[in-house]
Structures are given as structure tokens and as C-alpha cells.
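Let's take a friendly tour of a protein chain, stopping at a few residues along the way. Keep the structure open beside you as you read.

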Amino acid sequence: MNIAERIIGGERLTSPDEILRIVEETHREELYEACHRITRTLCGSAFDTCSIINVKSGRCSEDCHWCTQSGHYRTESDSYPILPDDEVLALAKHNDSVGIKRYSLVASGKRPTESEVKRYIMMYRAIGQATKLEMCASLGLATKEALQQLKEAGCTTYHCNMESAPSHFHKLCSTHTQAEKEQTLKYAQEVGMRRCSGGIIGMGETRRQRVEFALYLASMGIESIPINILHPMPGTPLQNQELLSPDEVLLAFCIFRLANPTAFLRFSGGRALLSAEVQQKGLYIGINAAITGGLLTTTASIAERDMELFTSAGYDVNTPTTWDE
């Protein structure tokens, strides 16, 4: 029985050695085809699109080595307090009008204050009244009480990236731990939210550590996994990090699909580093979700191009997506 049949039949891979062996010893096209079969059989053809707004930027207390918003580094990142409510609502309405399914408020900082949570609650209520968007949040570490309040305001999904393998994370950040992130996601699940958590590949981790990371997310049952590709930024500790090869990126997609056969694997940051051919191959292998859109003046054109790309890969961008296994 081949690997696709085993996983489609209900088996779940938990051994890093086995996944690494499959990825390294299987002929590339055979591996891609197996992951494609797993994706389409277990996840269907519905494609999950989301958009984000950086509702608060910069001056972050955390020392994440990849991030231009960290206050520890000298970068050219924009820095501003919470955006006006009408600006946030205007982009939500625009994203809704071009067919994007989800909208997330993303804020810099370790955790939101009580007053910030109140501001976000007002925004979510307004967005919920004015659009049909599913609403998500990425606000850092959060208390159970804050998450309950956000859920009651209409926010159905909480995002908190684990970022990398447990064996590698400590090399990338010293101001908070993955255990704190896990607790936030646990609280989100307890109040009835869905969870979105992924990370960045290409931050100096080994291929084995990518397997470790994929299995780490699988052990938590994460429903949506954003896969970012490091774009080294001037001023950050990772500014000179060598880019992953296209082959290594595609193998990473295979790793995450083999370890998380029913999850939405989401094109996220760094996608622009990939050629159109590599993006198309990634979609074939198992990428079945993406962040799309942009600023108010560019959302429509970006979304239109992306919808054409996802549709050309055989996905349905219109059917509602659920994150149920």
C-alpha cells in the first residue's frame, strides 16, 4: 500500500524518521502526486482565502529575529498606533466585495491591553454587521477572558504562529516561549474558536526540523497552517540568511501535507519570492488556502489575479470552507 492510500485510509504519520525517509527517497513527481491525492481526497476542492490588516504596527517589545516590527532592531518598518475604526471597516467591506472569505486584524506587540481589546471588539461588531466575512484575530498572547470577549463579538478564529520547530525556536526568540503560545491557542479552543498556527520556513532550520515542526502542529490538531517563506529583511538578525531553493520549498509543502493531511495549508508571507511555476506546483502538491488582497487601492487587482491562479489549479474559490476534519 503506498503512502497516499495509507493516509487516505485513515493512518496518520507520527514518526519524523518515516516522513523524512518518504520525502528524501520517493521520486519527486511520485511524491508530489501522492500529496496531491491526499489533499484533494481529504480536503476537497474548496479553497480558503483570507485577508489581513495590520491594525497596529511596530514598537514591539519582542525580539523575534525575523521581524521588522521588533523594537530591538533598526528597520524601515512603519510604526503606528491602532488604526481608525472607519479605515478598518472600509477595507473589510472592500475585501468582502471582491470575494475574499476571511478578514483578520493583526497587531504588533506581545499581548493586547484591555483597552485595545475593547477597541477591537467594536471593530469586529461593525465588520460583522456590514459584511459576510468570517472574522479572525492575530493579536499576540491573550487571556481566556479576552478571547471570550472577541468570540462574543463575532471573531471565530484566533491566529498565533508557533513559528518553527521546538528545537529551533529558542534560537529565534528569547522574549516569549512556545508554551505561552500553546496556552493562548488552548484558551482559544476552550472558548469555541478555531485555531490558525504555522510559521516561517528558511530561518536556518534543517529539513528534519521542518518535519519536527509539521508534526508539532499536527499534535495540536491545528486546522489552518500558514506557511511563510523567509524574506530576509535589512536590520533584522536574519538579514543575511540564504534563501531556500525552490526544491526545498516544495519538499516543505510535502512535509506539511504528509503530517497534516486534513489541514488548510496556507500560502502566506514570502510567496512573491516564488516563481509562477513553483506557486502552481505548490498548489498542486497541497496548498489549499492563501492570504490575498492588500491595501484598499490594490485589493481588487491582487485578489483577481490570485483567484485566477487558484482556479487554474483546479480549486473552487467560491464555495464556503469549513475547518472540520
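## Asn 288, a buried residue

In this predicted model, Asn 288 counts as buried, because its relative accessibility is 0% and the cut-off for buried is under 20%. You can find Asn 288 in the loop between helix 11 (276-285) and strand 9 (289-291).

What does Asn 288 touch, not counting residues up to four places away in sequence? Its list holds Thr 39, Cys 43, Ala 46, Phe 47, Asp 48, Arg 257, Ala 263, Phe 264, Leu 265 and Tyr 315. With Arg 257 there is also a polar contact between the two side chains, at 3.3 Å.

## Helix 2 and its cover

Now turn to helix 2, which covers residues 16-25 and includes Glu 18. Is Glu 18 buried or exposed? Glu 18 is buried, since its relative accessible area is 18% and buried means under 20%. Leaving out residues up to four places away in sequence, Glu 18 touches Arg 6 and Leu 13.

Glu 18 has company: the buried residues of helix 2 are Glu 18, Ile 19, Leu 20, Ile 22 and Val 23. In an α-helix there are 3.6 residues a turn, so residues three or four places apart point the same way. Which elements help to cover the buried residues of helix 2? The cover includes helix 1 (3-8), helix 3 (28-43), helix 9 (207-219) and helix 10 (246-259).

## Two loop residues with positive phi

Most residues other than glycine have a negative phi. Two residues here have a positive value instead: phi of Arg 59 is near 55°, and phi of Glu 163 is near 80°.

Both sit in loops. Arg 59 lies between strand 1 (48-56) and helix 4 (85-97), while Glu 163 is found between strand 4 (155-159) and helix 7 (166-169). Their surroundings give a nice contrast: Arg 59 is exposed, with a relative accessible area of 72%, whereas Glu 163 is buried, with a value of 8%.

## Thr 319, after helix 12

Next, look in the segment after helix 12 (299-312), where Thr 319 has its place. How should we class Thr 319? Thr 319 is partly exposed, because its relative accessible area is 33%, and that class lies between the cut-offs of 20% and 50%.

The side chain of Thr 319 makes a polar contact with the side chain of Asp 316, at 2.3 Å. Setting aside neighbours within four places in sequence, Thr 319 is in contact with Ala 46 and Lys 101. For a sense of distance, try Lys 151: this residue is 168 residues from Thr 319 along the chain, and their C-alpha atoms are separated by 24 Å.

## The whole chain

Finally, step back and view everything together. The chain has twelve helices and nine strands. Its C-alpha trace spans about 55 × 40 × 35 Å along the principal axes. A compact globule of 325 residues would have a radius of gyration near 20 Å, so the 19 Å of this chain agrees with that picture.

Buried residues make up 53% of the chain. Among the contacts with a separation of 6 or more, 78% join residues 24 or more positions apart. The accessible surface comes to about 14,200 Å², and carbon and sulfur atoms account for 50% of it. As for charge, there are 33 positive and 40 negative charges, with mean positions 3 Å apart.

How values were computed
Residues are numbered from 1 along each chain as its sequence is written. This is a predicted model: local features need pLDDT of at least 70, side-chain atom pairs count only at pLDDT 80 or more; totals for chains, interfaces and linings use all residues. Side-chain values use heavy atoms; hydrogens and water are left out. Helices (H or I, at least four residues) and strands (E, at least two) are DSSP runs, numbered from the N terminus. The radius of gyration is taken over C-alpha atoms; the globule rule is 2.2 Å times the number of residues to the power 0.38. Buried means under 20% relative accessible area, exposed over 50%, partly exposed in between (1.4 Å probe, protein chains only). Contact means heavy atoms within 4.5 Å. Accessible areas come from the Shrake-Rupley method with a 1.4 Å probe; for residues, only the protein chains shown count as cover. Lys and Arg count as positive and Asp and Glu as negative; His and the chain ends are not counted. The place of a charge is taken as NZ of Lys, CZ of Arg, CG of Asp or CD of Glu. A polar contact is a pair of N or O atoms within 3.5 Å; within protein, one must be able to donate a hydrogen and the other to accept it, and residues adjacent in sequence count only if both atoms are side-chain atoms.
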